[in-house]
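Subject: Structure handover, with notes on sheets, helix packing and a pocket

Dear colleague,

I am passing on the structure we spoke about, followed by an account of what was found in it. Please read the notes with the model open beside them.

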Amino acid sequence: MSAVGESGALPGAEPVGVGGPLVPDVTRIAVLRGGGLGDLVFALPALEALRGAYPAAEVVLLGPAWAGSFLAGRSGTVDRVVPLPPVRGVSVHPDAQDAPPEDPGAVEDFVARMRAERFDLALQLHGGGRHSNPFVARLGARVTAGLRTADAAPLDRWTRYVYWQSEVARFLEVAGLVGARPLRLEPRLPLLARDVAAAEAALRRTPLGEARRDGARPLVALHPGAGDPRRRWPAPSFAALADRLVEAGARVVLTATAEEQALTAEVAAVARRGPPGLVDLAGRCSLDALAGLFAGCACVVSNDSGPLHLAAAVGAPTVGIYWCGNLINAGPASRGLHRALLSWRLDCPVCGVDCTRATCPHKPSFVADVTVDEVATAALDVVAGTRRAATAGGDEPASGDQPAVERAFLPAASAGTVGRG
């Protein structure tokens with residue numbers, strides 16, 4: 001969470017800037033984007049821009065293995081996903097202690113296979129470039145482009161990596177280096193039939209299974225997890241929020257990864273309202289199921305996390321709980337469907353260090369200052385707005401560009417709806 005951006009002069013070639021020229025005769029493009037779910041979601045507008053600029057080219061994502069199955073049939077912007085081997089600073093965090101060891105032979109084999117693809121373009125959408133720029137340069141593309149900190153080697157075309165910037169805008173800048181203009185400023189993912197089927201299957205074994213189309217009780221998802229513990233709103237706060245939502249007439253579902261099941265278990269244990277008003281789906285939803293579940297929610301409330309950004313990408317209204325610095329990097333661009341609630345705490349609650357200027361070893365919540373009243377008011381307002389859109393009955397759903405049939409779980413409007421809190 002601390003600022004790690006670079007300032008000062010960068011040696012080497014000058015940056016091209018956003019308005020770079022198109023590269024002629026492009027038939028194949030490699031895009032490096034490792035990391036987690038949120039990292040992939042943030043790259044989607046840049047991938048769309050590349051597709052718009054080079055419609056006949058094959059776009060190959062070099063990324064995590066799970067992205068291949070998740071994007072299959074979903075994104076017209078990526079034609080193929082090639083899983084990355086363990087590479088320090090590329091597919092493995094440079095400071096990770098429990099990561100799989102890097103196999104030099106596997107890395108050499110991967111590079112050789114990628115060079116044989118004869119890429120015309122290779123884009124680096126993976127951080128400041130200290131590790132990733134040399135990796136991309138080895139792929140042998142005619143033109144390389146990406147981000148660069150002061151300690152990173154330059155690519156053929158590059159723009160400065162500055163920590164405090166929207167991730168979506170950052171990657172769009174890189175696409176602009178090769179002449180790809182933005183087509184969209186917020187990530188979007190189409191919902192597939194398999195997503196709805198997977199969500200149906202996950203809900204079928206719960207008390208919500210029979211009542212999921214109850215028009216008087218909109219569905220709200222709460223996601224209490226986050227990769228960094230400092231971004232987690234306290235479980236007792238989520239429990240109090242769940243009680244408020246159930247009391248207001250909503251059905252609440254808890255989501256989390258299998259590794260975060262203890263978080264939802266704590267929320268469910270503290271909450272006064274149990275099934276059928278509150279159901280814990282932690283560890284029981286694939287990414288497809290999460291996409292289908294979120295797309296049918298009247299609201300998704302979450303810490304700053306991959307699932308929050310997935311929810312927004314499939315058109316779900318969201319309430320995100322952010323540390324103020326993270327909002328710069330990961331916050332939504334619009335507020336029509338989305339609310340962002342901020343903690344302005346800068347100092348570590350344990351040692352008092354200003355974590356915008358330095359790091360400390362402690363991992364307390366930096367967002368605990370956000371109140372239950374703030375989140376409940378925002379969530380109920382979002383639900384009311386979703387239901388007003390459903391009541392209007394027009395051709396356009398609340399998500400703006402998703403067919404209404406894709407929001408299979410969104411309850412119809414009726415008496416006794418959830419209103420403002």
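One open sheet consists of six strands in the order β3-β2-β1-β4-β5-β6, paired in parallel, where helices (H or I, at least four residues) and strands (E, at least two) are DSSP runs numbered from the N terminus, and two strands pair if DSSP finds at least two bridges between them. Its edges are β3 (80-83) and β6 (157-160), each of which has a single partner strand, so one side of each is left without a neighbour in the sheet. Neighbouring strands here are turned against each other by 15 degrees on average, direction ignored; axes are lines fitted to C-alpha atoms, for helices over the stretch in contact, and angles run from 0 to 180 degrees between N-to-C directions.

This is a predicted model, in which local features need pLDDT of at least 70 and side-chain atom pairs count only at pLDDT 80 or more, while totals for chains, interfaces and linings use all residues. Residues are numbered from 1 along each chain as its sequence is written, and side-chain values use heavy atoms, with hydrogens and water left out.

Within the sheet described above, β4 (residues 121-124) and β5 (residues 143-148) pair in the parallel sense over four bridges, and L121 stands opposite V143 in β5. Helix α5 (residues 167-177) packs on this sheet, touching β4, β5 and β6, with its direction at about 150 degrees to that of β5; contact means heavy atoms within 4.5 Å.

A further open sheet of six strands, also with parallel pairing, has the order β9-β8-β7-β10-β11-β12. Here β9 (278-280) and β12 stand at the edges with a single partner strand each, so one side of each is left without a neighbour in the sheet, and the twist averages 20 degrees from one strand to the next. Four bridges join β7 (residues 219-223) to β10 (residues 299-303), which run parallel, with H223 opposite S302 in β10. Helix α7 (residues 235-247) lies across β7, β8 (251-254), β9, β10 and β11, running at about 180 degrees to β7.

Turning to helix packing, α6 (residues 193-204) and α9 (residues 287-295) pack at an angle of about 90 degrees, with their axes 7 Å apart. That makes α6 roughly perpendicular to α9, a term that covers angles of 65 to 115 degrees. Among the residues that meet are R194, D195 and L203 in α6, and D288, G292 and L293 in α9. The residues of this contact divide into seven nonpolar, one polar and three charged, where Ala, Val, Leu, Ile, Met, Phe, Trp, Tyr, Cys and Pro count as nonpolar, Asp, Glu, Lys and Arg as charged, and the others, Gly among them, as polar.

With best regards

Key: Angles under 35 degrees count as roughly parallel, over 145 as roughly antiparallel, 65 to 115 as roughly perpendicular and the rest as oblique.
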